[in-house]
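Please examine the structure shown here and consider how terms such as "buried" and "salt bridge" are assigned to particular residues.

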Amino acid sequence: MIDRRFVKYFDWGLLGLTVFIACLGLIALYSAVISTTVAPQKTLYFKQLIWYSVGIIVMVLSFLINYKSLDRWAPIIYIACMLLLISVLIFGKHVGGARRWLILGPVSIQPSELAKIAVIISLTRYFSRRADTGGLTLRELLTPFMLTVIPFILIVKQPDLGTAMLIVLIAGSVTVFVKIERRSLLFLVTACTVAGPLVWFFLKGYQKRRILTFLNPDRDPLGAGYHIIQSKIAIGSGMIAGKGFLEGTQNALSFLPEQHTDFIFSVLAEEWGLMGSLLVLCLFLSLIIWGLNIAYRCREPFGTILAVGVTAMIFWHVFINVGMTMGLMPIVGVTLPFISYGGSSVITTMICIGLLLNISMRRFLYEQ
Amino acid sequence: MTKYLKTADTEWYKQRVIRAMFCVAGAFFILLIRLFYLQVIQGEELRRLSENNCIRLQSTEPSRGMIFDRNGTLLVDNRPSFDVSIILKDAKPIKDTIDKLSKYINVSASELMSKIENNRTGSHYKPIPLKKDIGRDALAAVEVHKFDLPGVVIDVKSRRHYIERQRAAHLIGYLSEINSQELESGKYPECKGGDYIGKFGVEKIFESFLHGKRGGRQVEVNVMGQVVRIIKTVDAQPGHNIYLTIDNTLQKTAEMLLKDKAGAVAAMDPNTGHILALTSAPSFDQNIFVDGMSHKQWETLVSNPLRPLENKVIQGAYPPASTFKIITAMAGLEEGVVDEKTTFYCPGHYKYGNRVYRCWKRGGHGNVNVVKALAESCDVFFYQVGQKLGIDRLAMYAKACGLGSFTGIDLDHEEAGLVPTAAWKKRRTGIAWQGGETLSVAIGQGYNLATPMQMLVLTSAVANGGALYTPLVLESVNTAEGSVVIQSKRRLAGRLPAGKQPFRIIKKGLREVVNSSKGTGRIAHIDGLSVSGKTGTAQVVGRSKDPKWSDKNLPDHLKAHAWFVAYAPSENPQIAVTVVVEHGEHGSSSAGPIAREIIRTYLKKDELQP
């Protein structure tokens, strides 16, 4: 029944890398939640273990089905995700002034996380048919633009600016990967430089302030600016060797906001120092290069583009999250894959890994 | 060129992937450099800052906007309150510190310890509040022994201060500590536990203007927890000041006049809808909500049968009684069922079906036309007008006059009152409307319910020639520096459903109420000033239903409510007043003098300041 080549071509390296990072993530999360003084946080750790078990099931599912069938399913997946995004705006649960969560019985899900994958799959379907060495023309870019802009608007409405920007970045990376025609690119760049100031002119005062604070947290020294300072102190104070596991003081005293989700890298860097954070960053770099290598070895466009899209998603998450904790990026609610706490984050990441395994494993189907 | 030549093949994709790999490597290189910079180059300095968690955040409260009357008289401001709290990290040894502190601020050490225990969950660096508003003597003691009290922090907070006890309490409302539901509701994103927010009245409705914006500063502290360097400061933005439409002098008069009574007084500028005074009695001291009240104080407030916490001007729905005759007269004249000359004979009662409906005047009024009927409040005349109109036409006019719906005043908990119709009764009770009930409604009894505010808006509309204005309590909102943010403008809510002629006749009748020798409101007469008005006596028990009570021996809680609506001067009205005295019996005797004094106070003052 099972083709023996499935076993032969199975990407044990990728799986090993994933398991390694996930274990490091669980250790870091343990430190982030265990030393806080507020009791219920500790249960988060066990919840995360449960999420990982769910994540493993989802990962297995997403590499068992032939990824080529996603080509057919793309429109349905996309529409379902958009419906979820719309319903979250209507029925969603308010948490901290935003509607991001959809309550389905005992679990609450964040449809914006799934939307990222839906966008990648539908863009892949489109690009795999259109791509040519000359690049995409403006007319060909219209559909991908619409595919991106709809979830973007729906997510901005929640409001969740971070995830919305992430979708644009992922979609942009995939589009640039399949190449934009030189004239069209020139046109787009000019249009943006002209339109930018115009849009700025039409924004209301408070919107401008919000964007400026977003770009420069120092404008808000009591909120984002303070978090950045504390995060930088946490990371820097780790120095080369780190303060040691569970010895981080910034984290323990709950000086860091969201230390188990968005700022978990600060906890990790404080306790493990340069050596530990370097290890984690190198592991992420290897994972991303590995993902691109899968794209490299895949012999048909759908698989290649899908692998690039999925890898781009992991890349942007890592880059923005780590950059943010070190004060290089605006503060946005972007999680660090495998390490941040959160069911939606774990599951989407595991889907990504599942898809990469999937593409890697089936590459023989297209060998000459 | 033909497209197939450009088909993207595997080789082409491979080149693209390799480029992507270089991009990723570049991006990670940036991250590594930054990591190296923070952990190696800046590592020492940042490690030092982390040792004592040197960088802390202190928040500064905005000062809440003040509230003034229309002439700029200060009604509500803020006073400093000295709050003691403790930072556990710095307070060592804790036992010693608490013992000493308890002596200075007169709170038992065990009570202080239990407060600390309740707050253990939070960070050791967060101040735990121990006692608010310790007063200047205790403050001096704590300040003198500052060095014996490590970790003890005194915060100067501004606390709401209502300058005159009970002044316009129902209008201004009060502040109180935010509760957990309000915090979770997301309506107060700026607030945290322990903050005070408006809970009632203007303080609540205009919370967003009054509140201001929290500020704060990032500071570096030493091992003792003392600030050694201020890194960044964001100034708190004070809340906006609010000018109300009320006139403090008039408000004071109204409150004095209602002293020891239960009821409501409200006055309005009939040409703009600005509320000049708004009183509900009995009242309460707003300061106890801010300073914290004992359980007993709260019990007294809520168990008082005279409902001091209720704003009777907008929440009290009473039968409008004879003041409703204004509407019956308007409907009758406009619909043409009577005209100025129509007279009915009043023998003191009116027979309808097999029941006899009495006039309040046993001996009867003799021949009455509409003007005399208003002036002497003849029930028999209006029974017949009501009968000719029918309940649904009458109800239509009552609704058009603003009854049965909200006036739209900017205050919470407004009641809509009730305008009964045949369909309403059928729906409500299942029993068909009886013709006799129309007669009761025509004189303002029966199912009819109206709030003093609705009657005030109606009286103002009669006075100004038909414009129903939304009552306004806000004159303007100014920034702390004095520039105007909002200047309120009068809001037309509708027009009375009558032409010029009916108005002339009604106004003549209302003028006679006060000025004719037999008018029911003679008591409101002021020499040298022409006042118009209408009395009302709203029965609590049906006049004929319970024969064992004659008018004389009724217990207080069954006595009728007294109404008086008035405006003056009759020709060029400057003020409209509504008075309700609960269980005050006759409109003329208890409510009339209050209306007279309000008008006198207001117009006399106007003469002095032309």
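Q: Why is Arg48(B) called partly exposed?
A: In this predicted model, Arg48(B) has a relative accessible area of 41%. Partly exposed lies between the limits of 20% and 50%, so Arg48(B), at 41%, counts as partly exposed.

Q: What makes Glu45(B) partly exposed?
A: The relative accessibility of Glu45(B) is 39%. Because this value falls between 20% and 50%, Glu45(B) receives the label partly exposed.

Q: Why is the pairing of Arg48(B) and Glu45(B) called a salt bridge?
A: The N to O distance between the side chains of Arg48(B) and Glu45(B) is 3.5 Å. A salt bridge requires a side-chain nitrogen of Lys or Arg within 4 Å of a carboxyl oxygen of Asp or Glu, and therefore this pair qualifies.

Q: Where do Arg48(B) and Glu45(B) lie?
A: Both residues belong to helix H2 (residues 43–51) of chain B, where they are three residues apart, about one turn of the helix.

Q: What makes the contact of Glu203(B) with Arg64(B) a salt bridge?
A: The closest N and O atoms of Glu203(B) and Arg64(B) are 3.0 Å apart. The cut-off is 4 Å, so the pair is a salt bridge. Glu203(B) lies in helix H8 (residues 201–205) of chain B, and Arg64(B) in the loop between strand E1 (55–60) and strand E2 (67–68), so the pair ties together parts that are 139 residues apart in sequence. Both Glu203(B) and Arg64(B) are buried. They also belong to a network of salt bridges with Arg160(B) and Glu207(B).

Q: How do you know that Glu300(A) and Lys68(A) form a salt bridge?
A: Their side chains meet at 3.0 Å, N to O, and this satisfies the requirement of being within 4 Å. The pair links distant parts of chain A, 232 residues apart.

Q: Is Glu300(A) buried or exposed?
A: The relative accessible area of Glu300(A) is 8%. Buried means under 20%, so Glu300(A) is buried. Its partner Lys68(A), with 30%, is partly exposed.

Q: Why is Asp220(A) called partly exposed?
A: Asp220(A) has a relative accessible area of 28%. This value lies between 20% and 50%, and therefore Asp220(A) is partly exposed. Asp220(A) is found in the loop between helix H9 (205–215) and helix H10 (224–237) of chain A.

Methods:
Residues are numbered from 1 along each chain as its sequence is written. Chains are lettered from A and ligands numbered from 1 in the order in which they are written. This is a predicted model: local features need pLDDT of at least 70, side-chain atom pairs count only at pLDDT 80 or more; totals for chains, interfaces and linings use all residues. Side-chain values use heavy atoms; hydrogens and water are left out. Helices (H or I, at least four residues) and strands (E, at least two) are DSSP runs, numbered from the N terminus. Buried means under 20% relative accessible area, exposed over 50%, partly exposed in between (1.4 Å probe, protein chains only).
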